[in-house]
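This report concerns the fold, the nonpolar cores and the charged pairs of one protein chain. The sequence and structure appear below.

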Amino acid sequence: MESSLLFNQLRAAEPFFLLAGPNVIESEEHIFRMAKHIKNISSKFGLPLVFKSSFDKANRTSAKSFRGPGMVEGLKILEKVKLAYDIPIVTDVHESIQCEAVGKVADIIQIPAFLCRQTDLLVAAAKTGRIINIKKGQFCAPSVMTNSAEKIRMAGNSNVMVCERGTMFGYNDLIVDPRNLEWMRETNCPVVADITHSLQQPAGRQLGDGGVASGGLRELIPCIARTAVAVGVDGIFMEVHDDPLNAPVDGPTQWPLRHLEALLEELVAIARVSKGKQRFNIDLTPFRD
């Protein structure tokens with residue numbers, strides 16, 4: 001689909017659009033199975049779906065962590081699932097040199113939070129003409145995203161969205177400040193809430209071999225999700241897995257596939273009664289009896 005058309009469809013989605021899928025490509029068979037189930041579930045609620053998975057997790061805590069099949073093989077798999085299920089794709093890049101190849105397959109190119117201010121990467125992604133989803137750095141104020149989005153626009157691409165994924169709180173924890181979801185609207189972009197990564201506990205899990213990995217608070221995913229849709233975000237980003245306890249990457253913050261339908265049903269219900277997308281008009285004139 002042409003990028004501007006998809007961007008406008010997502011921006012106009014009611015009550016929200018969905019970016020969802022497993023964290024990383026584990027196998028072609030697994031990706032196809034997950035895409036089939038997630039598309040079927042999202043379709044029940046009329047939610048526009050962009051299927052997500054990564055071909056390379058280049059920023060893992062440990063050098064021993066599973067990274068995925070790599071760009072060449074991973075893009076082949078993503079292109080196959082895109083055609084088989086007629087769904088747009090979102091995946092992430094870590095280097096400028098990856099953008100051209102990724103842009104030939106992905107409908108949305110995602111900029112990882114750690115790299116949200118990297119000008120060369122942002123410009124290279126923008127020049128593909130694809131929609132760009134910039135994750136807010138865990139170390140950034142929401143106002144920083146205005147500058148990041150402007151870098152995309154200055155490169156000639158107006159199809160940009162911004163994503164809240166939590167803010168560092170000490171060394172091994174993140175918090176989600178709902179005010180950011182409101183303040184990030186100043187970017188004049190669709191605002192997305194990442195309801196799974198925002199509950200990571202970076203490098204907070206000790207491994208048996210003496211290494212560390214990211215832990216997480218999966219049980220709080222519904223809490224953050226309910227808050228985000230009540231505030232009135234344009235999109236929800238979430239990682240979903242059919243066997244999260246055995247997921248090779250970010251298992252503690254992937255939502256179980258078996259509970260996806262129930263959670264989306266609740267979120268849609270909340271979003272439909274919320275007036276979060278409408279700015280509250282506060283009247284400060286004196287109250288008179």
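The text that follows treats the overall architecture, then the cores, one loop residue and the salt bridges.

**Overall architecture**

The model is predicted, and its values are computed from the atoms. The protein chain contains nine helices and 13 strands. Its radius of gyration is 18 Å, close to the 19 Å that the globule rule gives for 289 residues, so the chain is as compact as a globular protein of that length. The C-alpha trace spans about 70 × 40 × 40 Å along its principal axes.

Of the 289 residues, 53% count as buried. Among contacts with a separation of 6 or more, 70% are made by residues 24 or more positions apart. The chain exposes about 13,300 Å², and carbon and sulfur atoms supply 53% of that area.

**Nonpolar cores**

In soluble globular proteins, nonpolar side chains tend to be buried together. The largest nonpolar core in this chain comprises 67 residues. The members that touch the most other members are Ile38, Phe51, Ile111, Ile134, Ile236, Met238 and Leu260. With residues up to four places away in sequence left out, Leu260 touches Ile38, Ile41, Met238, Val240 and Trp255. Apart from this core lies another one, of 14 residues, which includes Ala13, Ile108, Met161 and Cys163.

**The loop residue Thr187**

Thr187 is located in the loop between α7 (178-183) and β9 (191-194). Is Thr187 buried or exposed? Its relative accessibility is 3%, and because the limit for a buried residue is under 20%, Thr187 counts as buried.

The side chain of Thr187 has a polar atom 2.7 Å from the backbone oxygen of Met184. A polar atom of the Thr187 side chain also lies 3.3 Å from the backbone nitrogen of Cys189. Beyond residues up to four places away in sequence, Thr187 touches Met145, Thr146, Arg153 and Val162.

**Salt bridges**

The count of salt bridges comes to 16. Three of these pairs are listed here.

| Pair | Closest N to O distance |
|---|---|
| Arg33 and Glu29 | 2.2 Å |
| Glu164 and Lys136 | 3.6 Å |
| Arg153 and Glu150 | 3.9 Å |

Arg33 and Glu29 both belong to helix α2 (residues 28-44), where they are four residues apart, about one turn of the helix. Arg33 has a relative accessibility of 28% and therefore counts as partly exposed.

Which parts of the chain does the pair of Glu164 and Lys136 link? Glu164 lies in strand β6 (residues 160-164), while Lys136 lies in the loop between β5 (131-135) and α6 (144-154); the two are 28 residues apart, and the pair links distant parts of the chain. Both Glu164 and Lys136 are buried.

Arg153, already noted as a contact of Thr187, shares helix α6 with its partner Glu150, three residues away, about one turn of the helix. Arg153 is partly exposed, with a relative accessible area of 25%. Glu150 also counts as partly exposed, at 36% relative accessibility.

In addition, a network of salt bridges links Glu182, Arg185, Glu186 and Arg279.

How values were computed:
Residues are numbered from 1 along each chain as its sequence is written. This is a predicted model: local features need pLDDT of at least 70, side-chain atom pairs count only at pLDDT 80 or more; totals for chains, interfaces and linings use all residues. Side-chain values use heavy atoms; hydrogens and water are left out. A nonpolar core is a set of buried Ala, Val, Leu, Ile, Met, Phe, Trp, Tyr and Cys residues joined through side-chain atoms within 4.5 Å. Buried means under 20% relative accessible area, exposed over 50%, partly exposed in between (1.4 Å probe, protein chains only). Contact means heavy atoms within 4.5 Å. A polar contact is a pair of N or O atoms within 3.5 Å; within protein, one must be able to donate a hydrogen and the other to accept it, and residues adjacent in sequence count only if both atoms are side-chain atoms. The radius of gyration is taken over C-alpha atoms; the globule rule is 2.2 Å times the number of residues to the power 0.38. Accessible areas come from the Shrake-Rupley method with a 1.4 Å probe; for residues, only the protein chains shown count as cover. A salt bridge is a side-chain nitrogen of Lys or Arg within 4 Å of a carboxyl oxygen of Asp or Glu.
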